[in-house]
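Me: I am new to this structure and should be grateful for a close look at a single part of it, namely the place where the two chains meet. Please describe that part in one connected account.

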2 protein chains.
Amino acid sequence: MRNLNQHNITQAVIDSFAGTPDPRLLQIMTSLVRHLHAFARDVQLTEQEWTQGIDFLTRCGHITDDKRQEFILLSDVLGLSMLTVAMNNDKPQGCTEATVFGPFHVDGAPRHELGDDIANGAKGTPCVVRGSVRGLDGSPVPGALLDVWQSDDDGLYDVQHQGLDHAQSRGILQADDDGRFHFRSIVAVPYPIPHDGPVGRMLDATGRHPWRPAHLHFMIQAPGYETLITHVFRDDSDYLDSDAVFGVRQSLVCAWTPQPDGTYLLEYDFVLNPAHSE
Amino acid sequence: MRNLNQHNITQAVIDSFAGTPDPRLLQIMTSLVRHLHAFARDVQLTEQEWTQGIDFLTRCGHITDDKRQEFILLSDVLGLSMLTVAMNNDKPQGCTEATVFGPFHVDGAPRHELGDDIANGAKGTPCVVRGSVRGLDGSPVPGALLDVWQSDDDGLYDVQHQGLDHAQSRGILQADDDGRFHFRSIVAVPYPIPHDGPVGRMLDATGRHPWRPAHLHFMIQAPGYETLITHVFRDDSDYLDSDAVFGVRQSLVCAWTPQPDGTYLLEYDFVLNPAHSE
């Protein structure tokens, strides 16, 4: 590799990784170089555009902290997050489909009893959520743990509210012996992903909006089953056809039904995939 | 895009950019999505690997500041920088070839007179550098500006020395009316790129070293000619065949000749490409 040019450099870079001890890492680096160079060649990337790319990544890095993750947002709006989720969660017909995790989950959310109001003061129209967790064969999954989180009527998650010192519209519940669960929360509304940073400017420059359709996040865990990370979307929401992060799957869209007293009811049954099944 | 899966998501993301007003940006985003998704599919990226990728980029962002640019290092060691340089500087036969700019250039380096010692106290074996700047037709380029920079005997550029408050082995000179230049500096030695960050850990994990062969940087500008950004490499240096940033071109390798008094002489003639030529 003593006389590198635009025609031989890709192979030279790939060869430089030949001594990688971990075969999986070797595979990833080889493919990354091949596709990265193919992109640069395809568009005949200029030096000025390369500089703009370096600046863009630098700005993403500098806005990222323990509460803001611009690289996840970038992956989300480029569809890489959903592609990765979809490839790794190709479940058998009948199982509840997975969608993106998103950046607003918090480990160690408060535990709640069935029937509790997890809104905990969050602004929004009251909503009862109930349903069941079952296996692919229809058998209940007793004691399944449901980790639930959502934004409030302002389109903000609790962690986005400056100074709020307790969880809102977020909690962990345990299904009963029949795999059934119910709790109270608020009606989800559409909200924009954080768009005051470089990813937001990229969306602006490409004529895209930052909005996500109304949804409620679930992570459901039970021994003997694959963990399910998903949303339930509201069927009358805006942006179902243009989710900024490409997370909508038709099977996850359902009615949130208005009740005579002005509250809402959401009913959804989850079907888990047995662990290690093919 | 209401029922996204691993098979239809790439087209959905590409379609989302359809309203991009700038056709060049549209082309770049479309190609980027296509190649990024092709990479993820090719390696069947796992969710854990995706998380590691996000963490890697985050660490690159957090170590980057006004003196350290980890994203440029990343681009360098993946060969993207050199590929971009090579694609954009495909000069006619006979012109001096370009190579990577690197992260250690400083705008506004001190002006020097021909014959000055630009080392300015930098540690190293004294070396006289002389040569000429000509056009492709052999005619001299009178008054060409040469911006020169290099590392010292410790393998460090002046900007890498904590507390050093003046330029060393760095300066701008003007060729004479015959396009000739000469100055004094020190002999370049091989040095490792900064490898105490995430890019260094990636090199470690892939069995690669961080070293660059000995070289002297030049940026040469003159009215009517394309700016030339290049290095001159030392022909007896280690790492000419394994430059960590893939910058070596055989035409840029030349002898740095020992002199009877223990100093060195480097002679190199640069040939500039007329501006806007094809």
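Reply: In this predicted model, helix α3 of chain A and helix α4 of chain B cross in a right-handed sense. The helices concerned are residues 47–63 of chain A and residues 70–77 of chain B, whose axes come within 9 Å and cross at roughly 130 degrees. Because of that angle, α3(A) is oblique to α4(B). On the α3(A) side the contact is formed by A:Ile54, A:Leu57 and A:Thr58, and these meet B:Phe71, B:Ile72 and B:Ser75 of α4(B). Sorted by class, this contact of α3(A) with α4(B) holds four nonpolar residues and two polar ones, with no charged residues.

Helix α3 of chain A also meets its counterpart, helix α3 (residues 47–63) of chain B; the two pack at an angle of about 90 degrees, and their axes are 8 Å apart. The angle therefore makes α3(A) roughly perpendicular to α3(B). From chain A, the residues in this contact are A:Leu57, A:Thr58, A:Cys60, A:Gly61 and A:His62, while chain B brings B:Thr58, B:Cys60, B:Gly61 and B:His62. The contact of α3(A) with α3(B) comprises six polar residues, three nonpolar residues and no charged ones. A:Leu57 and A:Thr58 thus take part here, and A:Leu57 and A:Thr58 also belong to the contact with α4(B).

The relation between the two chains may be considered next. Chain A is superposed on chain B by a rotation of 180 degrees with 0.0 Å of shift along its axis, and the RMSD is 0.1 Å. The two copies are therefore related as by a two-fold rotation axis. Within chain A, the C-alpha nearest that axis belongs to A:Gly61, at 1.8 Å from it. A:Gly61 is also one of the residues through which α3(A) meets α3(B).

The whole interface draws on 66 residues of chain A and 65 residues of chain B. On the side of chain A that touches chain B, at least two residues each are supplied by α1 (9–16), α2 (23–43), α3, α4 (70–77) and α5 (80–88). Helix α2(A) gives the most to this side, with 15 residues. By class, the side of chain A that touches chain B has 34 nonpolar, 25 polar and seven charged residues. Of the interface residues of chain A, 98% are also interface residues in chain B, so the copies meet through the same surface.

Helix α4 of chain A, one of the helices on this side, also packs within its own chain. Its partner there is helix α6 (residues 198–205) of chain A, with the axes of α4(A) and α6(A) 9 Å apart at an angle of about 25 degrees. That angle makes α4(A) roughly parallel to α6(A). A:Glu70, A:Leu73, A:Leu74 and A:Val77 of α4(A) make the contact with A:Pro198, A:Val199 and A:Leu203 of α6(A). Six nonpolar residues and one charged residue form the contact of α4(A) with α6(A), with no polar residues.

Lastly, chain A is divided into domain 1 (9–45) and domain 2 (74–272), and the C-alpha centres of these two domains of chain A lie 37 Å apart.

Methods:
Residues are numbered from 1 along each chain as its sequence is written. Chains are lettered from A and ligands numbered from 1 in the order in which they are written. This is a predicted model: local features need pLDDT of at least 70, side-chain atom pairs count only at pLDDT 80 or more; totals for chains, interfaces and linings use all residues. Axes are lines fitted to C-alpha atoms, for helices over the stretch in contact, and angles run from 0 to 180 degrees between N-to-C directions. Helices (H or I, at least four residues) and strands (E, at least two) are DSSP runs, numbered from the N terminus. Angles under 35 degrees count as roughly parallel, over 145 as roughly antiparallel, 65 to 115 as roughly perpendicular and the rest as oblique. A crossing is left-handed if the near helix is turned anticlockwise from the far one by less than a right angle, and right-handed if clockwise. Two residues are in contact if their C-beta atoms, placed from the backbone, lie within 7 Å. Ala, Val, Leu, Ile, Met, Phe, Trp, Tyr, Cys and Pro count as nonpolar, Asp, Glu, Lys and Arg as charged, and the others, Gly among them, as polar. Domain bounds come from an automatic or database domain assignment. Copies are superposed by least squares on the C-alpha atoms of residues with pLDDT of at least 70 in both.
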